[in-house]
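Morning, everyone. I'll put the structure up, then walk through one helix and one sheet.

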Amino acid sequence: MQTFIDFISFKDPNVFYVVIGMICINSSSALIGSFAYLRKRSLIGDAVAHSLLPGICLGFIMAGEKNMIYLFFGAFFTGWLSTYLVDYIVNKSKIKQDAAIGIVLSSFFALGIVLLTFIQNGGYSDQGGLNHFLFGQAAAINKDELILFAVILAVIVGSIILFYRSFIIVSFNSDYAKSIGLPVRSIEFLMTSLTVLAIAAGIQALGVVLMSALIVTPAAAARFWSHKLKRMLFIAVVFSVFSGLLGAYISYANSNTPTGPWVVMILSIITLISFVGSTKRGILARYLKARKNKSKILLENILKAIYHYHERQNLENDLNLVLASAEILKVRRFDTTELQKGLNQLIRRGFIGRENNNYFLTEEGMTESKRIVRLHRLWEQYLLKRTSMDIFHVHSGAEAIEHILSPEIEKELEKELGIVGIPKEDF
Amino acid sequence: MSDFWIILTASIVAINAGLLGCFLLLRKMAMVGDAISHAVLPGIVVAYYFSGDKTSGLLLLGATLTGVLAAFLIDFLSRKAKIQGDASIGITYTLLFAVGMIMISSWMQGNVDIDMECVLYGDIATIHMDKIIVDDNLYLGPRAFYVEIIAFAIIGLSLFFGFKGFKLLAFNIDYARSLGINTGKWHYALMTLVSLTTVVAFEVVGAVLVVGFLIIPPATAQLVSTKLREMLLFTCLFGISAVISGYYLAVWLNVSITGSMVMVSGIIFFAVLIFQRIRNSSKQKIEFTEELTQYDQANK
């Protein structure tokens with residue numbers, strides 16, 4: 001508890017840097033990552049992150065010390081080069097994008113390792129901090145870097161606000177963007193540069209191996225919660241900053257553990273929760289919806305079958321027979337336990353009444369069964385008259401759509417076809 | 001003597017990884033290989049924690065299973081959770097790698113055998129310290145070499161007997177399905193082999209750099225070959241030449257051996273790519289001038 005109070009009260013001035021740093025880094029990468037996700041280029045971030053290592057080492061060798069400006073520009077250069085090379089390989093050879101990413105990523109990373117060991121064995125003084133770039137150490141963030149991170153965040157937020165429209169169009173449909181005369185290449189250039197900037201800012205805290213998580217995961221998690229881009233960006237930032245701060249705290253509380261893994265761990269847990277529990281696209285919501293649909297279809301099919309049974313006896317105007325479940329099965333094949341379940345549910349909803357194990361339609365049941373049969377046949381007529389389908393194929397289409405036709409469409413169909421009541425023809 | 005063993009062991013790593021890499025590449029699953037190689041880390045740490053021995057069978061089994069778990073998780077995220085394929089790879093491997101790193105930093109504090117550096121680039125320079133000696137004096141080579149040889153035997157036999165299946169899976173998975181082949185079984189067989197390769201290579205080249213062996217030589221081979229057998233052969237050649245030249249470069253510059261091998265591998269790839277581009281464009285030029293002269297002659 002004491003460490004927690006120490007943490008939130010910034011007792012250690014370093015904690016303040018870390019907190020502000022994490023907010024800047026995670027917001028930048030979450031924003032940029034959302035666009036990368038929409039462009040289906042999430043793994044480019046992986047290539048860029050690994051490719052920053054040789055740049056950092058080159059910057060170090062050129063400056064002869066840990067000069068932040070040199071390191072940053074070295075990183076920016078190789079990071080940029082890596083995305084260029086990935087595109088070059090994909091465009092100029094038969095190698096596919098994922099393999100190209102793998103090639104660039106591992107070659108650059110290997111180069112980075114070679115340079116790193118070269119520096120370590122080369123008798124440079126002051127090279128101790130370079131290792132932090134491999135696995136990330138948020139505690140090493142200092143005041144100068146903080147200013148740099150804040151500037152990067154400002155640049156990214158500024159560009160997104162200025163070029164919001166263009167970014168959206170290029171992300172969703174770059175062909176369309178070209179056709180309306182947008183400078184697609186320049187916009188892509190800008191987006192790539194911003195991606196490299198965001199990743200370059202983040203490796204100090206996350207390390208080269210895990211940095212791509214900050215690009216990919218918040219966007220993927222946020223996607224579960226919203227269909228609107230603005231909201232998605234906001235949610236991604238919230239998730240990312242939250243995990244960044246919690247990760248920094250855990251790393252602070254257990255000194256010596258790197259920050260990156262904890263941040264990634266918390267982000268992944270958030271994604272997992274989103275994917276199970278999201279009200280729109282979550283696996284639980286989808287499952288419940290599918291179950292509800294399935295039961296709706298079953299109930300409507302049972303009502304339809306009862307109508308058909310009456311129709312066979314030419315009693316479709318009365319619909320007043322009392323029948324056993326076996327007789328329903330003669331008209332349409334149901335799984336018997338399913339049928340029993342469906343009948344019980346229909347009774348509970350007041351569509352069907354029971355009389356010593358035999359069933360009959362109530363008033364509501366009659367109207368409901370007529371409604372469904374009517375929808376089915378209206379649709380069949382529509383397909384027959386307005387499309388080129390023949391009588392052998394209209395049934396299956398109607399069988400699927402009858403459960404989702406709304407009253408408005410029903411009226412439209414009526415007007416279109418000029419049919420009143422239930423058509424007699426059944427296909 | 002240790003030069004010889006290092007080069008030999010690394011060559012077998014390159015062959016093992018390269019052969020499987022070809023099939024991954026053809027299936028457009030190169031990054032899944034990348035993900036598996038990162039994801040075996042927690043498995044290796046757990047197995048090591050319980051057995052205390054880097055080369056025990058338990059370790060191999062546990063770590064291999066983690067790799068298969070990663071392949072399964074990627075499949076699950078992209079199919080059930082409807083996350084983009086790319087993103088599900090990124091999420092899976094960063095999560096598993098993070099779990100591994102947390103385990104190392106909290107359990108393996110101060111342990112000499114398994115640390116972060118080893119995760120990155122392995123211990124190839126010191127493999128000769130763990131050697132197999134028979135009768136007190138007959139030196140048979142480093143243990144890592146024999147582990148790799150066993151892995152090579154497993155991979156070689158599986159590819160030999162399952163060649164048709166893997167080939168079909170690589171080139172036309174829909175056709176394989178229409179023949180009634182259980183493609184899921186073959187898919188997970190391939191994933192298990194990839195996982196096994198990265199696990200046994202962990203000690204030698206580390207979890208991150210093995211990707212270089214897995215992807216770069218097959219991609220280089222793909223540039224120059226049109227048949228699968230040809231591609232497999234070229235993969236081995238490119239892999240071994242990168243290992244040999246990378247080793248001597250590393251010794252000369254006094255840098256990381258594995259890093260240097262993968263770097264040379266990358267240099268070979270780009271050299272082949274650029275060479276091919278130049279040759280193609282000059283070939284096109286010759287064809288064009290030939291056409292021009294033919295056209296001129298016809299007009300005369």
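First, a definition: the expected span of a helix is 1.5 Å times one less than its number of residues. Helices are DSSP runs of H or I, at least four residues, and strands are runs of E, at least two, numbered from the N terminus.

Ground rules. This is a predicted model, where local features need pLDDT of at least 70, side-chain atom pairs count only at pLDDT 80 or more, and totals for chains, interfaces and linings use all residues. Residues are numbered from 1 along each chain as its sequence is written, with chains lettered from A and ligands numbered from 1 in the order in which they are written.

Now the helix. α4 of chain B covers residues 85–107, 23 in total, so the rule predicts 33 Å, and the end C-alpha atoms are indeed 33 Å apart. Of those 23 residues, 19 are buried (20 or more other C-beta atoms within 10 Å of the residue's own; exposed is 12 or fewer, partly exposed in between, with C-beta atoms placed from the backbone).

Over to chain A. What is the order of the strands in its open sheet? β1-β3-β2, antiparallel. Strands pair if DSSP finds at least two bridges between them. β1 (323–324) and β2 (352–355) of chain A each have a single partner strand, so one side of each lacks a neighbour in the sheet.

Take the pairings. β2(A) and β3(A) (residues 358–361) share 4 bridges. A:I352 sits opposite A:L361. A:R354 has A:Y359 as its bridge partner. A:L323 is bridged to A:Y359 too. β1(A) joins β3(A) through 2 bridges.

Last, the turn. The β2(A)–β3(A) hairpin has 2 residues between its strands, and A:N356 there has a positive phi of about 30°.
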